[in-house]
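Please take me through this model in the viewer, one selection at a time. I would like to know what to pick at each stop and what is found there.

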Amino acid sequence: MSKLFSFTRRAMLLAGLAAAVSLAACDKAGTSADPKAPALKFNAVDITGAAYARKLALTDFDGKPRQLSDFKGKVVFVFFGFTQCPDVCPTTMAELAEVRKRLGPDGDRLQGVFVTVDPERDTADVLKAYLQGMDPSFVGLRGSLAETEAVASEFKVFYQKVPTKSGGYTMDHTAGAFIFDTDGQVRLFARYGSKVEDLTADIKQLLASSKR
């Protein structure tokens with residue numbers, strides 16, 4: 001394992017840990033809109049009621065302006081990454097595709113959203129080819145450098161360029177994902193490395209609670 005890769009992975013893990021600690025401070029675990037409904041117990045970090053990750057307005061790979069309200073009625077999985085990521089990003093999105101399969105017919109009620117933190121290289125065409133090769137339902141979002149920074153700040157997501165010996169660069173970034181319920185409210189922060197079984201169970205709970 002190269003020193004660069006070790007540094008990149010370590011930075012992402014530390015960023016993810018810092019995020020998880022701050023997110024865990026929320027004391028509204030298992031909050032439900034129905035006071036008579038049983039409290040939900042999740043595998044991911046419950047961030048129900050968080051005062052961030054409330055707005056997401058960027059352009060998709062087909063040039064269409066998108067925002068969270070476009071996906072109302074679905075559980076939305078939002079991940080920040082870049083297409084040249086060697087392992088974290090493709091692994092996360094591949095696992096999400098597997099979750100959709102395991103949900104059966106309810107898989108259509110789970111929307112994967114990939115936000116690039118590298119819009120300079122992740123053109124609309126590159127983003128589209130990357131995601132649709134994993135799951136045709138996935139939506140890829142990109143913006144200008146300023147728009148990307150603003151969205152990352154709203155979600156408290158860390159990212160930065162890291163120069164490589166070849167003269168290019170890679171990206172360090174927060175490795176977790178944000179999961180929204182069918183009403184468009186942020187509910188969970190899923191750390192990188194979460195088991196597919198655990199993600200599936202959490203999303204099933206959110207889908208079931210929306211039917212009450």
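Start with the cysteines: the count of disulfides is 0. This is a predicted model, and the stops below are read from its atoms.

**Stop 1: Cys85 and Cys89.** Select both residues and show the sulfur atoms. The sulfur of Cys85 has its closest cysteine sulfur in Cys89, at 3.1 Å, which is too far for a bond. A disulfide needs the two sulfur atoms within 2.5 Å. Seen from the other side, Cys89 finds its closest cysteine sulfur in Cys85, also at 3.1 Å and too far for a bond. Cys85 has a relative accessible area of 7% and is therefore buried. Cys89 is at 0% relative accessibility, so Cys89 counts as buried too.

**Stop 2: the whole chain.** Zoom out and switch to a cartoon. The protein has 5 helices and 10 strands. Of its 212 residues, 49% count as buried. Take the contacts between residues at least 6 apart in sequence: 71% of them join residues at least 24 apart. With a surface drawn, the accessible area is about 10,400 Å², and carbon and sulfur atoms account for 54% of that.

**Stop 3: Val99.** Select helix α2 (residues 88-102), where Val99 is located. Val99 has 0% relative accessibility and so counts as buried. Now add Lys195: the C-alpha atoms of Val99 and Lys195 are 10.0 Å apart, although 96 residues separate the two in sequence. Which residues does Val99 touch, not counting those up to four places away in sequence? They are Leu110, Val196, Leu199, Thr200 and Ile203.

**Stop 4: the nonpolar core.** The largest nonpolar core has 59 residues. Select Leu56, Val78, Phe80, Phe155, Phe178 and Phe180, the members that touch the most others. Then centre on Leu56 and leave aside its neighbours within four places in sequence. Its contacts are Arg66, Gln67, Leu68, Val78, Val113, Val115, Leu141, Val151 and Phe155.

**Stop 5: aromatic pairs.** Across the whole structure there are 6 aromatic pairs. A pair of this kind is described by the distance between ring centres and the angle between ring planes.

Begin with Phe79 and Phe114. Their ring centres are 6.0 Å apart and their planes stand at 45°, so this pair is tilted. Phe79 belongs to strand β4 (residues 75-81) and Phe114 to strand β5 (residues 110-116), so the pair ties together parts that are 35 residues apart in sequence. Phe79 and Phe114 are both buried.

Next, select Phe155 and Phe178. This aromatic pair is edge-to-face, with 5.1 Å from centre to centre and 80° between the planes. The pair links distant parts of the chain, as Phe155 is in helix α4 (residues 145-155) and Phe178 is in strand β9 (residues 177-180), 23 residues apart. Phe155 and Phe178 are buried.

Keep those two selected and add Phe80, Phe180 and Phe189; with Phe155 and Phe178 they make up one aromatic cluster.

**Stop 6: Tyr169.** Finish on the ring of Tyr169. Which residues lie over its face? Arg121 is one of them, at 3.8 Å from the ring centre. Lys161 also lies over the face of Tyr169, at 4.5 Å from the ring centre.

Key
Residues are numbered from 1 along each chain as its sequence is written. This is a predicted model: local features need pLDDT of at least 70, side-chain atom pairs count only at pLDDT 80 or more; totals for chains, interfaces and linings use all residues. Side-chain values use heavy atoms; hydrogens and water are left out. Helices (H or I, at least four residues) and strands (E, at least two) are DSSP runs, numbered from the N terminus. Buried means under 20% relative accessible area, exposed over 50%, partly exposed in between (1.4 Å probe, protein chains only). Contact means heavy atoms within 4.5 Å. Accessible areas come from the Shrake-Rupley method with a 1.4 Å probe; for residues, only the protein chains shown count as cover. A nonpolar core is a set of buried Ala, Val, Leu, Ile, Met, Phe, Trp, Tyr and Cys residues joined through side-chain atoms within 4.5 Å. Rings of Phe, Tyr and Trp (its six-membered ring) pair if their centres lie within 6.5 Å; planes under 30 degrees apart count as stacked, over 60 as edge-to-face and the rest as tilted. A charge sits over a ring if NZ of Lys or CZ of Arg is within 6 Å of the ring centre and within 35 degrees of the ring normal.
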